[in-house]
Amino acid sequence: MEHEAVKGPVTSPARRGGTTRTLWRRIREPLAQSRFVKSFIAGLFANFVRLVRLTSPLVKGSTQVAGGAYAHLEPGIIALWHGQHLLTPAYYPKGRPLVAMVSRSADAELNALMLEKFGIEAVRGSGGRDSSRHVDKGGAKALIALKKSLAAGKNVAMIADIPHGTPRDAGMGIVLLARLSGRPILPSAIATSRRKVLEKSWDKTTINLPFGRSAVIVGPPVFVPADADDAEMERKRQEVTAAINAAMTEVYRLVDGPK
């Protein structure tokens with residue numbers, strides 16, 4: 001006599017996939033809010049940046065920041081572009097205090113946590129969209145904090161262009177900080193020969209890769225007079241834009257060699 005096999009419930013591949021996605025959605029938000037998880041991820045990023053620095057020797061022609069070539073201009077305002085700044089903590093000389101402005105966006109929190117791994121202080125703010133008379137409340141607080149840091153003898157680092165604004169075009173915030181503090185803006189750039197450019201990102205974010213060459217350029221300082229009017233502030237903003245772009249052109253020339 002034949003016996004019919006007893007069949008249990010059958011779960012289709014589509015349903016299993018849906019269950020997995022539902023489970024992931026349930027745990028994703030708590031993970032995203034976990035300070036421990038964020039700190040762990042930031043630690044991974046920090047170690048990767050250290051690996052890039054360790055395996056990518058500086059090429060001839062790089063600015064010797066570790067040797068104090070710009071010590072006579074300190075404390076200064078290190079100016080960088082969005083998407084081109086990720087290596088800065090690993091290349092900044094040890095033993096010199098640094099305070100960095102980090103965007104107030106949720107995405108930038110990992111960046112702030114990574115800076116902590118290098119002993120760099122972070123203040124949250126943005127670069128200022130319009131004239132020097134129209135800085136948002138959060139940005140104004142950040143500028144005050146950075147001004148106090150400069151007065152205390154600490155260098156500060158600031159991303160000059162504005163989040164999701166026009167990439168590689170300086171905002172007014174960094175120029176205002178230079179006017180208020182009397183300290184120079186130091187247009188800077190870092191590049192590696194091995195890299196991946198995220199072409200679809202608004203700022204063409206560059207992921208630097210290990211086992212190549214690297215270069216650092218700090219260009220001529222930009223000073224902003226304490227009595228600068230709106231027209232002069234705009235001229236200085238354009239000068240900062242041109243100076244950082246010139247530094248970028250030079251670092252890529254150094255790491256990529258002649259075409």
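**Salt bridges, surface and strand packing in the predicted model**

At 26% relative accessibility, Glu 250 counts as partly exposed (buried means under 20% relative accessible area, exposed over 50% and partly exposed in between, with a 1.4 Å probe and protein chains only). The model is predicted, so that local features need pLDDT of at least 70 and side-chain atom pairs count only at pLDDT 80 or more, whereas totals for chains, interfaces and linings use all residues. Residues are numbered from 1 along each chain as its sequence is written, and side-chain values use heavy atoms, with hydrogens and water left out.

Glu 250 forms a salt bridge with Arg 253, and the closest N and O atoms of the pair are 2.7 Å apart (a salt bridge is a side-chain nitrogen of Lys or Arg within 4 Å of a carboxyl oxygen of Asp or Glu). The two partners, Glu 250 and Arg 253, are three residues apart in helix 7 and are therefore separated by about one helical turn (helices, H or I of at least four residues, and strands, E of at least two, are DSSP runs numbered from the N terminus). Arg 253, like its partner, counts as partly exposed, with a relative accessibility of 48%. Elsewhere, Asp 169, Glu 234 and Arg 237 are joined into one network by salt bridges that share partners.

Within this network, Asp 169 is bridged to Arg 237, with 2.9 Å between the closest N and O atoms. Because Asp 169 lies in the loop between strand 4 (155–159) and helix 6 (173–181), while Arg 237 belongs to helix 7 (residues 230–256), the pair ties together parts that are 68 residues apart in sequence. Asp 169 is partly exposed at 28% relative accessibility, whereas Arg 237 is buried, with a relative accessible area of 13%.

Nine salt bridges are present in the structure, including one in which the side chains of Lys 38 and Glu 109 meet at 3.0 Å, N to O. Since Lys 38 is located in helix 2 (residues 35–55) and Glu 109 in helix 4 (residues 109–117), this contact ties together parts that are 71 residues apart in sequence. Lys 38 counts as buried at 16% relative accessibility, and Glu 109 is partly exposed, with a relative accessible area of 24%.

A nonpolar patch on the surface is formed by Phe 36, Phe 40, Ile 41, Leu 44 and Phe 45, which together have about 530 Å² of accessible area (Shrake-Rupley method, 1.4 Å probe, with only the protein chains shown counting as cover for residues). Patches consist of residues with over 30% relative accessible area and no salt bridge, like charges being joined within 9 Å and nonpolar side chains (Val, Leu, Ile, Met, Phe, Trp, Tyr) within 5 Å. One member of the patch, Ile 41, is found in helix 2 and counts as partly exposed, with a relative accessibility of 30%.

Helix 6, by contrast, is mostly covered, with seven of its nine residues buried, namely Gly 173, Ile 174, Val 175, Leu 176, Leu 177, Ala 178 and Arg 179. Just after this helix, Gly 182 takes a positive phi of about 75 degrees.

Strand 1 (residues 77–80) is covered on both faces, with Ile 77 and Ala 79 buried on one side and Ile 78 and Leu 80 buried on the other. Strand 1 runs parallel to strand 4, to which four bridges join it (two strands pair if DSSP finds at least two bridges between them), and Leu 80 stands opposite Ile 159 of strand 4. Strand 1 also pairs in the parallel sense with strand 5 (residues 185–192), over three bridges, and here Ile 78 stands opposite Leu 186.

Strand 5 in turn pairs with strand 8 in the antiparallel sense over five bridges, with Ala 189 standing opposite Ile 217 of strand 8. Five of the five residues of strand 8 (residues 214–218) are buried, so this strand is largely enclosed by the rest of the structure. Ser 214, Val 216 and Val 218 point one way from strand 8, and Ala 215 and Ile 217 point the other way.

For the protein chain as a whole, seven helices and eight strands are assigned, and buried residues make up 43% of the 259 residues. Of the contacts with a separation of 6 or more, 75% are accounted for by residues 24 or more positions apart (contact means heavy atoms within 4.5 Å). The chain exposes about 14500 Å², of which carbon and sulfur atoms supply 58%.
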